[in-house]
Amino acid sequence: MPVLRDERLRRALLFMPGDSMKKIRKGATLGVDSIIMDLEDGVALNQKEAARLTVYEALTDADLDFGQTERLVRINPSGKWQTEDIDITVKGKPDGYVIPKVESAHDIQFVANTLTEYERQLGYRIGNIKLLAIIESALGIVNLKEIAQADPRLIALMFGAEDYTSDIGAIRTPQSEEVLYARSAVVAHAAAYGLQAIDTPYVDLKNMDGLIEDTQKAMQLGYSGKLAIHPNQIDPIIKVFMPSEEEIKAAQQLIEAHNHFQQSGAGVFSYNGKMVDMPMIRAAERVLKRAGLPIPS
Ligand code: COA
Ligand code: MG
C-alpha cells in the first residue's frame, strides 16, 4: 500500500445543505473532522444560487470559527452549475471540493485545471485546494483505475451507495450485499493509489445500532472514514474508527517487539503464541495512525 497522499484524519465528514447557514454554523461547533457544505442533491433547484452565496458567506465570515474542522464544498457534477459553484465559492478559499458522480479522470482533471486558473488569479498557493471524488455509478466503478490516478489534488475516494444502487437497478437491503463489490472496489483502488477511502452515509437517522454496525462493516472492509448526515451520527462514527485503548496498547507492544527482533536479525517471530510478520506490523501501524499516535521506532 503506497503512503497516503494526505494524512489528515477524516473519520466523520458531516454533510449539510449549503443554503442552511444555521446548519453550517452548527457544523462548525461540533468538532467533526470535516464538514461538507452541499450544493448538489441536498439543495432544491430554486435554491442553488442562494446556496452558493451562503457557502461563500460562511467561508468568509471572520466571526465564524471552524476550529480544526476542514471546510469542504460539494459542487454539482460537470456542467454549467459546477462552473458557477466554483466561481463563487473559490473566493472563500475552501480547503477542498467534493466532486459527485465522478465517472472519468476527465471529470477530476477539469475541476483541477479550473482551480489552478483561480489559484493563479487569486494569488493562492497552486495545488493547495484538495479534491475528493464520489464514486456512485456503474461507470464510476468500471473506470476506478483511471479516476484514482487522475490528478495530484485528489486525496480521497468516497462511495455513494444510494445513487449506485439506483444506477445499477439493484435493491437496497440492510445487509448491503448488493453494494459489496462496488464498496470493496473503491477501497482497493484508493489503497492502490495512496488515497483515503470514505464510506457512504447511513440514511436511517433514528437507527443508531444500524449506524454502528454499518460503520464497523466499512472499517472491516478497509475504509478510514464515513460520511455523516446528522450531528448525532458523528460520535458513533468516530468511536468505531478510533481504536480502543487495548488495541492501541497491543499495537504499540507488537511494534516494539518487532523492532527488537529486527535488531537481532529476525524478520518473523512468534509473539503471544502467534506468528508475526510484516503485514501484521503494517496493520498495527495503521491502528496507531488512526489514533493519531506516533509509531515507536
Ligand atoms: N448539519 C448541521 N446541523 C444539523 C444537521 C446537519 N447535517 N442536521 C441537523 N442539524 C441540526 C438541526 O438544525 C437542529 O439544530 P437545533 O437543535 O440547533 O435546532 C439539530 O441539528 C437537530 O436536528 P433534527 O431536528 O434532528 O433534524 P432536522 O429534522 O432538522 O433535519 C435532515 C433532518 C435530514 C434534513 C438534516 O439532518 C440534514 O439536513 N442532513 C443533511 C442532508 C444533506 O446534506 N444531504 C446531502 C448529502 S447526502
Ligand atoms: Mg449522490
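A molecule sits in a pocket if more than half of its atoms lie within 2 Å of the pocket's grid points. The model used in these exercises is predicted.

**Exercise 1.** Find which pocket holds ligand 1, and describe that pocket.

*Solution.* Apply the criterion above. Ligand 1 sits in the second largest pocket. Next, take the volume: about 560 Å³. Then list the lining. It has 28 residues, and F15, M16, D38, R74 and I229 are the closest to the pocket centre. Assign the lining to elements. β1, α1 and α7 (161-168) each give two or more residues. Finally, sort by class: 13 nonpolar, 10 charged and five polar residues line this second largest pocket.

**Exercise 2.** Work out how many residues surround ligand 1 and which elements supply them.

*Solution.* Use a cut-off of 4 Å between heavy atoms. The count is 13 residues around ligand 1, with F15, K22, K23, I229 and H230 the closest. Now turn to the elements. β1 (12-17) and α1 (21-28) each supply at least two residues of the shell. β1 gives the largest share, four residues. Split the shell by class: seven residues are nonpolar, five charged and one polar.

**Exercise 3.** Identify the polar contacts of ligand 1 with F15, H230 and K26, then state how much of the ligand is covered.

*Solution.* Take pairs of N or O atoms within 3.5 Å. Start with the backbone. An N or O atom in the main chain of F15 is 2.7 Å from a nitrogen atom of ligand 1. Move to the side chains. H230 places a polar side-chain atom 2.7 Å from an oxygen atom of the ligand. For K26, a side-chain N or O atom lies 3.5 Å from a ligand oxygen atom. Last comes coverage. Ligand 1 on its own has 890 Å² of accessible area, and the protein covers 59% of that.

Conventions
Residues numbered from 1 in each chain as written. Chains lettered and ligands numbered in written order. Predicted model: local features only at pLDDT ≥ 70, side-chain atom pairs only at ≥ 80, totals over all residues. Heavy atoms only, no water. Polar contact = N/O pair within 3.5 Å; in protein donor to acceptor, adjacent residues only side chain to side chain. Areas by Shrake-Rupley, 256 points an atom, 1.4 Å probe, with all protein chains shown as cover. 1 Å grid on protein atoms, 1.4 Å probe; cavity = no way out; pocket = protein on both sides within 12 Å on 5 of 7 lines; lining within 4 Å. Nonpolar A, V, L, I, M, F, W, Y, C, P; charged D, E, K, R; others polar. Points joined across faces, edges and corners; volume = space filled by probe spheres on them.
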